[in-house]
Amino acid sequence: MKSSVITFPGSNCDRDMDVALKKFGFNNKMVWHDDNELPKSDLVVLPGGFSYGDYLRCGSMASKSKIMQSVINFAKSGGLVMGICNGFQILVETGLVPGVLLRNKYLEFICKNVFVKLDNKENAYFKNLNKDILEFHIAHNEGNYFCTKDQLKEIKDNNQIAIYYCNSEGKIEDQYNPNGSIKNIAGIFNKEKNVLGMMPHPERMIDQSLSGEDGSIFFKNLINNIK
Amino acid sequence: MKVNEQIALDHGLKSDEYKKICQLLKRTPNITELGIFSAMWNEHCSYKSSRLHLKKLPTKGKKVIQGPGENAGVIDIEDGDAIVFKIESHNHPSFIEPYQGAATGVGGIMRDVFTMGARPIANLNSIHFGSPQHKKTKNLLRGVVHGIGGYGNCMGVPTIAGQTSFDSSYNGNILVNAMTLGLVKKNKIFYSKAAGLNKPVIYVGSKTGRDGIHGASMASASFDEKIEEKKPTVQVGDPFTEKLLLEACLELMAGDSIIAIQDMGAAGLTSSSIEMASKGNLGIEINLNKVPCRETKMTPYEIMLSESQERMLIVLENGKEEIAKKIFDKWNLDFAVIGKTTNSKNIELFFNQEQVAKIPVNILVENSPMYDRKWKKSKLPKKNKIKKEVLNKLKIKDVLKKVLSNQNICSKEWIWQQYDHTVMGDTIQKPGGDSGVVRVHGTNKAVAASVDSSAVYCWAHPLTGGKQVVAESWRNLISVGAKPIAITNCLNFGSPEKEDNMGEFVECVKGIGEASKYLNFPVVSGNVSFYNQTKEVGIKPTPSIGGVGLIKDYKKMISMDLKEIDNLVLIVGKTEGHIDQSLFARSILDEKNGPPPEVNLFNEKNNGESILNLIDRGYVKSAHDISLGGLLVAISKMCIKGNKGIKISKSKNLINEIEYFFAEDQGRYLIEVNKEDLKEVTKILDKNSVHHEELGIITQNDMIINEKTKVTIDELKSYYTNWLPKYMS
């Protein structure tokens with residue numbers, strides 16, 4: 001299975017994602033933002049970081065970089081595109097997924113483990129996963145997902161909500177919402193479910209010695225689904 | 001502008017220093033030259049008050065590849081790998097502008113590390129604030145934490161450990177010390193020594209602006225009520241550019257183009273160019289019109305003294321300019337050939353085809369002033385006699401509650417949750433443990449690092465305090481199963497021109513030297529920050545020690561959380577009941593006098609090495625050193641982190657209960673062992689003549705002390721975790 005991780009100036013989880021993808025069997029290539037063409041891929045990942053310093057709006061500069069046109073075309077033709085953290089912010093800026101990501105409610109960067117509940121397993125990312133609640137890791141300053149009422153209705157109607165922040169038992173309540181996201185949303189799909197944007201970093205949870213191993217479960221399942 | 005003595009004084013130079021400059025030059029310097037002298041001869045750059053004493057520190061060892069004198073120290077961690085590390089202060093700017101001050105402190109120390117070819121793999125910090133009641137404290141704390149996070153998070157380097165304290169002596173002078181560790185191959189280390197004639201001198205990174213002019217001079221002066229006016233001397237950080245600079249430099253370093261490289265830190269282009277020339281015993285010629293400037297009409301004086309961030313100076317091999325330029329173009333960074341190395345042994349600056357400065361390099365460096373300042377020796381204070389009736393009146397649970405929720409003990413999670421501590425995917429021990437630990441990427445090894453300071457002990461008796469900080473750093477590394485290798489120190493003191501403050505410095509350094517020599521724990525890098533005082537009031541002497549150690553097999557790393565019910569907890573090291581200068585004495589008895597606990601270096605070494613031996617044999621399930629707050633605080637933290645209880649029965653020790661539980665005797669650890677291993681463990685400890693006793697047995701929940709005091713885990717957690725978030729909300 002072939003994957004590509006895009007490196008933007010200021011990306012800083014690109015290596016971590018490369019390590020994770022390779023660990024679970026992907027043949028991964030790093031792709032420079034200024035390239036025109038995507039290599040042949042089964043999965044494209046926009047990694048976390050601070051692309052272009054996030055000095056304008058998070059992800060907005062990166063969404064206009066050269067390679068993104070190929071990524072958008074790839075997504076529109078049904079290819080799997082996953083944006084993690086800053087990658088999610090970039091996806092939102094391209095319009096591939098709806099909504100925006102605002103600054104965290106308490107105006108502070110937050111780095112910790114969280115639980116997320118899967119809402120929809122009818123997609124290449126979560127199909128066949130034998131767990132409904134995963135322990136992931138977040139590290140962001142702008143992860144407060146927001147969309148209009150109409151958009152919210154639409155993404156609900158289309159089952160586009162991928163994961164919610166919850167507790168270890170799967171309870172989706174305000175107190176388990178780390179950043180103020182509307183309806184505790186931690187990740188969403190596009191309508192067709194081939195594009196996934198989420199704030200948590202599964203690539204930081206791939207080893208018992210790290211923060212946990214639910215990332216391993218996610219990646220193992222993902223590659224099996226793509227095969 | 002014609003230079004005279006008054007202008008020199010305005011630059012922070014002393015009258016006799018100015019005279020010396022005129023003598024050495026055999027003429028009056030022009031304004032640019034005067035600026036250069038003031039930048040090179042201030043305390044921050046020249047170490048004029050401290051050099052004499054720093055020379056006495058042990059800096060060599062089998063594992064030391066590079067000691068002090070370079071951008072950072074380097075140690076050998078085997079298999080061809082090396083760790084580059086250093087700690088540095090950014091105190092003055094952080095008080096004036098906490099966000100930018102702290103951010104650029106972090107940026108500066110990371111640059112020191114990657115200048116040597118190492119990729120930064122971990123950040124740490126030691127931050128000290130005034131009393132929580134002081135009106136500025138909350139905003140300073142918030143600003144500093146945001147600044148550290150803002151820079152480190154963007155760079156994608158995990159912040160893995162730190163230390164925070166509050167003390168009214170920092171009311172007018174907070175301390176922000178930042179430390180970075182980088183990983184490099186032993187045969188790919190880069191140095192700042194220029195070599196060869198007519199080699200191109202390259203400027204890369206950000207453009208030069210008017211920010212930070214005289215930053216280093218500002219950092220070499222005391223504060224007064226006009227401090228707000230100094231805001232323009234604080235640099236502004238751009239972590240995004242630094243991330244690009246990091247990647248571009250490492251890309252260039254992978255080849256063989258670089259002869260020497262030096263970051264532009266304090267005193268910017270001035271100190272970087274002079275340092276490279278001085279180390280190479282060469283001259284350097286710079287055309288200032290070639291320096292990329294952010295603002296128009298910058299004068300030579302401004303260009304030379306700007307402390308704009310994210311800049312590097314490189315001496316390249318001839319003919320490599322194009323290769324280098326291509327890399328910096330790719331990363332969208334400025335690149336300019338601004339000069340060349342010469343055999344004149346002068347620094348020569350040109351601007352608009354005119355020579356604007358010409359100074360022999362050795363005058364600036366070797367002839368810089370060095371002072372043997374007067375200092376006062378401090379006596380060991382007399383022990384306090386604390387009445388047993390006073391102690392007997394106290395209830396253990398009440399005391400524990402107060403001590404555990406004390407601002408200097410309580411959980412600092414509110415702070416470290418704002419730092420990305422997991423990026424790079426190798427953090428195996430997060431902040432909140434005895435040391436932070438990161439794996440050496442792609443290997444079975446891990447590196448542990450800790451940063452410590454004990455200002456109160458140093459204040460009570462500087463010599464003992466100096467020893468204690470080094471010993472504590474050593475213990476924190478041992479507690480996670482790391483073999484301690486070397487330290488870096490950041491020496492934060494008041495004015496060296498005052499005998500008391502200078503005495504504190506001299507004796508703390510002496511203590512640090514004694515301990516690091518005895519423990520074979522050499523000092524490989526560091527920095528001195530004097531003049532941490534407002535008007536006449538100086539801070540408590542605060543040397544921060546950053547320790548680094550190696551864990552050969554990261555799976556053998558130890559953490560402090562209690563692991564298994566029915567396991568035993570042993571106290572290693574002797575509890576004598578030393579209460580003076582303990583957190584208990586200061587916060588509960590309001591007793592500020594008396595000597596700090598004695599540091600017995602033989603015991604430190606023996607106890608520590610014995611623990612490492614036990615860890616290596618797999619007997620230790622969890623471990624924690626006993627430090628601030630004493631025994632009961634240490635075991636409480638282990639209970640909280642492991643979510644387990646403990647049944648404590650105080651041994652038939654004659655010491656009063658309160659003294660037993662809250663004394664801060666040194667050289668002690670708590671270790672968790674399996675019942676079946678007890679015999680073997682005690683045998684090893686006895687053989688090494690290490691004092692040990694049983695503290696108690698691990699239970700499901702509740703801490704039960706001597707069958708009469710019960711504290712639930714939830715109570716412990718609330719004492720420990722509530723103070724800081726509540727204070728900040």
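This report describes chain A as a whole and then two helix pairs and one leucine in chain B.

The structure is a predicted model, in which local features need pLDDT of at least 70 and side-chain atom pairs count only at pLDDT 80 or more, while totals for chains, interfaces and linings use all residues. Residues are numbered from 1 along each chain as its sequence is written, and chains are lettered from A and ligands numbered from 1 in the order in which they are written.

**Chain A**

Chain A holds five helices and eleven strands, where helices (H or I, at least four residues) and strands (E, at least two) are DSSP runs numbered from the N terminus. Its radius of gyration is 16 Å, close to the 17 Å that the globule rule gives for 227 residues, so chain A is as compact as a globular protein of that length; the radius is taken over C-alpha atoms, and the rule is 2.2 Å times the number of residues to the power 0.38. Of the 227 residues of chain A, 54% count as buried, a term for residues with 20 or more other C-beta atoms within 10 Å of their own, C-beta atoms being placed from the backbone.

**Two helix pairs in chain B**

The table sets out how the two pairs are arranged, with axes that are lines fitted to C-alpha atoms over the stretch in contact and angles that run from 0 to 180 degrees between N-to-C directions.

| Helix pair | Angle | Axes |
|---|---|---|
| α19(B) (residues 462-478) and α20(B) (residues 499-518) | about 40° | 7 Å apart |
| α3(B) (residues 31-41) and α11(B) (residues 268-280) | roughly 75° | within 10 Å |

The angle in the first row makes α19(B) oblique to α20(B), and the angle in the second makes α3(B) roughly perpendicular to α11(B); angles under 35 degrees count as roughly parallel, over 145 as roughly antiparallel, 65 to 115 as roughly perpendicular and the rest as oblique.

Where α3(B) meets α11(B), I36(B), A39(B) and M40(B) are in contact with T270(B), S271(B) and I274(B), contact meaning that C-beta atoms, placed from the backbone, lie within 7 Å. By class, this contact of α3(B) with α11(B) has four nonpolar, two polar and no charged residues, with Ala, Val, Leu, Ile, Met, Phe, Trp, Tyr, Cys and Pro counted as nonpolar, Asp, Glu, Lys and Arg as charged, and the others, Gly among them, as polar.

**Leucine 612 of chain B**

L612(B) lies in helix α22 (residues 601-616) of chain B, and it counts as buried because it has 20 C-beta neighbours inside 10 Å. Leaving aside residues up to four places away in sequence, L612(B) touches I478(B) and K483(B). L612(B) and L477(B) are 135 residues apart in sequence and 9.9 Å apart in space, C-alpha to C-alpha.

Methods
A residue is buried if 20 or more other C-beta atoms lie within 10 Å of its own, exposed if 12 or fewer, and partly exposed in between; C-beta atoms are placed from the backbone. Two residues are in contact if their C-beta atoms, placed from the backbone, lie within 7 Å.
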